[in-house]
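Please find my notes on the model below. They go from the whole chain to single residues.

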Amino acid sequence: MRRHRNVKIVATLGPASSDYKTIRALHEAGADVFRLNMSHGAHEEIAERHRIIRQIEEDLDSPIAILADLQGPKLRVGVFANGEEELEEGAAFRLDLDKTEGSASRVCLPHPEIFAALEPGANLLVNDGKIRLAVTDCGKDFANCTVVTGGTISNRKGVNVPDVVLPLAALSDKDRADLEFVCELGIDWLALSFVQRPEDVNEARTLARGRAAILSKIEKPAAVKCFDDILAVSDGIMVARGDLGVELPVQNVPPIQKRLVRRCRAVAKPVIVATQMLESMIESPMPTRAEVSDVATAIYEGADAIMLSAESAAGDYPVEAVSTMNNVAIEVESDPTYREVIEASRRADRQTVADGIVAAAREIAETTDIKAICCYTQSGTTALLTARERPRVPIIALTSLRGTARRLALTWGVNCVMTGELTRFKLAVINAARAACAQGYTEESDQIVVIAGVPFNVPGSTNILRVAPCQESLIYATDPG
């Protein structure tokens with residue numbers, strides 16, 4: 001299904017979008033990737049949504065990526081005798097391992113790992129940062145705090161610990177069970193929550209055993225500090241601005257977002273910007289102007305994808321939210337300023353033959369009358385490198401592997417077409433010309449650039465570039481191979 005934009009749209013499925021009709025409408029409206037949130041829904045519900053997506057993919061002959069988002073460890077306080085208490089600024093409050101019901105002066109925090117890592121002066125954030133506690137004294141089973149920002153604290157509210165690296169694995173027992181379930185089900189991307197260090201990513205990769213690409217969610221200050229190390233062992237990144245905006249001052253998030261997007265672009269790994277992009281559309285058919293501007297900013301930065309969460313999973317207007325994102329993307333990408341920004345932020349860090357081939361393909365396409373860049377790829381690397389160039393013409397990725405086509409649905413500007421296995425470059429050029437014409441990118445009188453690796457079916461062997469006509473008789477006449 002041809003899109004008239006380059007940025008991809010990720011839509012989360014949930015109660016508002018769990019049947020065939022709605023999910024198909026979301027895809028037709030612009031959703032390229034569907035996110036299955038493992039924090040909500042039983043395995044049976046997840047499996048049914050997966051089945052429906054694959055059915056739509058077959059019905060429309062359109063590769064669709066499925067991203068399973070693991071919950072990660074959830075840190076929560078215990079329960080209160082009165083259900084809730086009001087904490088006053090300047091008051092003393094104690095957190096401990098005592099499971100007795102809480103009061104206005106203390107509550108259980110059933111996570112000894114937190115106490116083991118805390119030091120006096122550290123901050124604890126409760127209920128999405130609405131309550132801030134400063135640690136004055138602590139031990140292996142308690143933390144005495146002063147209430148810096150007061151408010152209502154109630155049963156099982158979440159706790160964030162922004163100032164320390166917690167000795168907690170990114171994968172809980174639930175996450176490990178969910179990971180095995182979704183990998184066996186056949187998902188394409190696995191999003192990992194609570195990443196603090198590269199070792200967290202390596203653990204998930206070991207458990208996934210190549211069945212899914214690993215996408216690290218950057219939502220902890222510790223992850224921002226060692227981002228390059230995490231990026232090096234990840235297949236993709238999600239800038240998860242929700243917890244990031246809780247654990248860091250909110251004014252820090254926009255520059256972090258820009259830095260992370262540019263680092264991902266530089267190393268040709270897809271990056272998603274997520275959280276509250278069209279939040280008001282959960283209840284309204286129209287977004288706010290500020291939300292539209294937020295979506296546009298991510299597109300101008302060159303992010304590979306922008307994501308809807310509750311807007312499409314539980315909102316009243318899921319299809320309208322996707323359509324809004326699609327329309328904003330088309331409008332932004334048609335703005336001349338968009339190309340100026342994208343090209344000014346392109347980093348020329350090229351060291352391999354493949355880097356040179358894709359850079360040359362982009363240069364040729366933009367300086368001559370070329371209508372599309374067609375790249376053959378098995379692992380997806382050639383398409384990722386081509387997308388890093390952010391060319392002005394469409395990218396058509398041809399592959400014989402369905403899994404590769406699905407994973408590339410997350411990558412900026414890449415339009416995937418399934419093809420049979422090839423052994424001769426001339427046949428590759430012919431198939432590329434046919435695909436470009438069939439998908440509506442070219443006519444027979446046009447030319448395309450074809451890039452591939454010879455011998456075929458060897459990952460990482462991109463070494464050939466051909467400017468080719470789309471008319472098959474001319475290909476036979478001019479190509480001796």
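The numbered points that follow concern a predicted model.

1. Overall make-up. The protein chain holds 18 helices and 21 strands. Its C-alpha trace spans about 85 × 45 × 45 Å along the principal axes. For 481 residues, a compact globule would be expected to have a radius of gyration near 23 Å, and the protein chain, at 24 Å, agrees with that.

2. Burial and surface. Of the 481 residues, 55% count as buried. The accessible surface of the protein chain is about 19,300 Å², and carbon and sulfur atoms account for 50% of that area.

3. Contacts and charges. Taking contacts between residues at least 6 apart in sequence, 67% join residues at least 24 apart. The protein chain carries 53 positive and 66 negative charges, and the mean positions of the two sets are 4 Å apart.

4. Arginine 339. Is this arginine, arginine 339, buried or exposed? Its relative accessible area is 14%, so arginine 339 counts as buried, the cut-off being under 20%. Arginine 339 sits in helix H13, which covers residues 336-344. The side chain of arginine 339 comes to 2.6 Å from the backbone oxygen of arginine 390. Beyond four places in sequence, arginine 339 touches Arg346, Glu366, Arg390, Pro391, Arg392 and Trp412.

5. Valine 147. This residue belongs to strand S9, residues 142-149. Valine 147 is buried because its relative accessibility is 2%, against a cut-off of under 20%. Which residues does valine 147 contact, leaving aside neighbours within four places in sequence? They are Leu87, Glu88, Glu89, Gly90, Ala91, Phe93, Arg132 and Leu133. For alanine 91, the C-alpha to C-alpha distance from valine 147 is 5.4 Å, with the two positions 56 residues apart in sequence numbering.

6. Backbone angles to check. Most residues other than glycine have a negative phi. Arginine 156 has a positive phi of about 55 degrees and is not a glycine. Arginine 156 lies in the loop between strand S10 (151-154) and strand S11 (159-160). With a relative accessibility of 52%, arginine 156 counts as exposed, because the cut-off for that class is over 50%.

7. A further positive phi. Threonine 275, also not a glycine, has a positive phi near 90 degrees. Where is threonine 275 found? Threonine 275 is in the loop that runs between strand S15 (271-274) and helix H10 (289-300).

Notes
Residues are numbered from 1 along each chain as its sequence is written. This is a predicted model: local features need pLDDT of at least 70, side-chain atom pairs count only at pLDDT 80 or more; totals for chains, interfaces and linings use all residues. Side-chain values use heavy atoms; hydrogens and water are left out. Helices (H or I, at least four residues) and strands (E, at least two) are DSSP runs, numbered from the N terminus. The radius of gyration is taken over C-alpha atoms; the globule rule is 2.2 Å times the number of residues to the power 0.38. Buried means under 20% relative accessible area, exposed over 50%, partly exposed in between (1.4 Å probe, protein chains only). Contact means heavy atoms within 4.5 Å. Accessible areas come from the Shrake-Rupley method with a 1.4 Å probe; for residues, only the protein chains shown count as cover. Lys and Arg count as positive and Asp and Glu as negative; His and the chain ends are not counted. The place of a charge is taken as NZ of Lys, CZ of Arg, CG of Asp or CD of Glu. A polar contact is a pair of N or O atoms within 3.5 Å; within protein, one must be able to donate a hydrogen and the other to accept it, and residues adjacent in sequence count only if both atoms are side-chain atoms.
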